[in-house]
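Hello,

Here is the structure we talked about handing over. Please have it open while you read, and my notes on what turned up follow below.

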Amino acid sequence: MQITQQQLDLVNDRIRALVEAGSFYGKKLAEAGITHVDSPEDFTKLPFSEKKDLRDAYPLGLMTAPEEEIVRIHSSSGTTGTPVIIPYTAKDVDDWAIMFKRCYETAGITNMDRIQITPGYGLWTAGIGFQNGAEKLGAMVIPMGPGNTDKQLQMMQDMKSTILCSTSSYALLLAEEIEKRGIKDRIHLKKGVIGSERWSDKMRERIHNELGIELFDIYGPGIGINCPGEKAMHYWDDYLYIEIIDPKTGEPVPDGEQGEIVITTLVKEGAPLIRYRTHDLSRIVPGKCRCGRCYPRIDVIMGRTDDMMKIKGVNVFPSQIEEVLGSFKEISSEYQIRISHLDGKDTMRIYVESTGDVDFDALSKRIAEKVKSRIGFTPIVKVVEVGVLPRSMKKTARVIDERFD
Ligand code: ZN
């Protein structure tokens, strides 16, 4: 989707601010002799920014607004390496709440809802973002943060929470607990706002069935969300410009084609981002949405550019395996892929869960054959009992590459 003149004007404001502040990306632009962009073609010549650049700017190298205007910092969720510190002005905090409010509204959530927030608070951005948006909407917030499943379920019943904000793994964990404890009729949830990772249709179906709730994918957090009955996510093009590029060449791809999401923030003051490579894979969904909203759309996240695994010389995406597994009714939504290197050969083992009513050997053989027809080589498939594979509060690691340990 080509950048509009209005968006270009905003980008030029941001470029000016970055260069004047001499912040990390401002220096990069100054070195490249760039002070403004005149056309969409000019824009695509701007250098990309990467997570690594953001890390190199630690601690406050990204700060672009004057110190007296910065009211808060947040940090990336990364558990390894140097964190990324993003400074916010009061306007940034407010803009973010407006974007989040729009997400809730798009999902049909109102000020009569009670929103239980389970993502983390503190340095990490997610929890407080969900909260600010919900307060702007006028809804009642139940700010739980992650963990303590007993307390989560207690509050969910006593407060009659209608909206659950969480990761897909945690939503599944809660759904399973609710079923196990037989308390489904005491739960008042209507909708789930699920963020931050790629999740399978099977998992979606499972959470939907067990909790009986309508599920929404939120990207960002706060950048975009799907509308009822649709899968693609509307995003806020007055706050962000999104391009989809070929992750190998860096060239933009036509609308509708899959590639890497690259984000430019149009109004951010504390730390504007220009052409930031997210490594998330999606596509622009062309045409207008049935709901009538004019905001453009991206498809559900299809994976990460760095998820790609090279096994026996073949490029494999976890989403390919997931699709194959999704076609088997006899197994749960959970799986684990382990790749190892034994006796000079790469080996892929896939662990899946099944209820006791099937012949595990015959099932594993059928799954192995179907995976082979999809990716070109035969994995070792192990069927285990339901509940054996790990579930977690945050992101569940489904691919474990043991070749480089
Ligand atoms: Zn729509």
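To get you looking around, where is Lys-160 found? The answer is the loop between helix H7 (149-158) and strand E5 (163-167), where helices (H or I, at least four residues) and strands (E, at least two) are DSSP runs numbered from the N terminus.

A word on the basis of all this. The model is predicted, so local features need pLDDT of at least 70 and side-chain atom pairs count only at pLDDT 80 or more, while totals for chains, interfaces and linings use all residues. Residues are numbered from 1 along each chain as its sequence is written, and side-chain values use heavy atoms, with hydrogens and water left out.

**Backbone points to check**

Most residues other than glycine have a negative phi, and most peptide bonds are trans. Lys-160 is not a glycine, yet its phi is positive, about 50°. Lys-160 counts as partly exposed because its relative accessible area is 42% (buried is under 20%, exposed over 50%, partly exposed in between, with a 1.4 Å probe and protein chains only).

Arg-275, also not a glycine, has a positive phi of about 50°. Arg-275 sits in the loop between strand E11 (259-265) and strand E12 (276-282). With a relative accessible area of 1%, Arg-275 is buried.

There are cis peptide bonds to look at too. One joins Tyr-58 and Pro-59, with omega about 0°, and Pro-59 lies in the loop between H4 and strand E1 (70-75). Another runs from Gly-220 to Pro-221, with omega near 0°; Pro-221 has its place in the loop between E7 and strand E8 (224-226).

**Domains and cores**

The protein is divided into domain 1 (1-305) and domain 2 (308-404), with bounds that come from an automatic or database domain assignment. Taken over C-alpha atoms, the centres of domain 1 and domain 2 are 30 Å apart. Contact (heavy atoms within 4.5 Å) links 21 residues of domain 1 with 21 residues of domain 2.

In soluble globular proteins, nonpolar side chains tend to be buried together. Here the largest nonpolar core (a set of buried Ala, Val, Leu, Ile, Met, Phe, Trp, Tyr and Cys residues joined through side-chain atoms within 4.5 Å) has 62 residues, and those touching the most other members are Val-11, Leu-46, Tyr-104, Ile-115, Phe-130 and Ile-242. Helix H5 (residues 90-106) gives the most to this core, six residues. A second, separate core holds 22 residues, including Val-316, Phe-328, Tyr-335 and Ile-375.

Try clicking on Phe-130: leaving aside neighbours within four places in sequence, the contacts of Phe-130 include Phe-100, Tyr-104 and Cys-165. Tyr-241 is another one to try. Tyr-241 lies in strand E10 (residues 240-245) and counts as buried, because its relative accessibility is 7%. Not counting residues up to four places away in sequence, Tyr-241 touches Met-1, Phe-43 and Val-262, among others. The C-alpha atoms of Tyr-241 and Arg-275 are separated by 8.7 Å, with these positions 34 residues apart along the chain.

**Cavities and a pocket**

On a 1 Å grid over the protein atoms alone, a cavity is a set of points where a 1.4 Å probe fits but cannot get out, and a pocket is an open set with protein on both sides within 12 Å along at least five of seven lines; lining residues have an atom within 4 Å of a point. Grid points are joined across faces, edges and corners, and a volume is the space filled by probe spheres set on the points.

The structure holds two cavities of 30 Å³ or more. The largest has about 80 Å³ of space. Of its 13 lining residues, Tyr-25, Leu-54, Leu-62, Pro-272 and Leu-273 lie nearest the centre. Helix H2 (24-31) and helix H4 (51-56) each give two or more residues to that lining.

The second largest cavity has a volume of about 60 Å³. Its lining includes Ser-200, Lys-202, Glu-322 and Tyr-335, and E18 supplies the largest share, five residues.

Finally, the second largest pocket has a volume of about 250 Å³. It is lined by 16 residues, and Arg-204, Leu-215, Asn-226, Glu-230 and Lys-231 are the closest to its centre.

Enjoy exploring!
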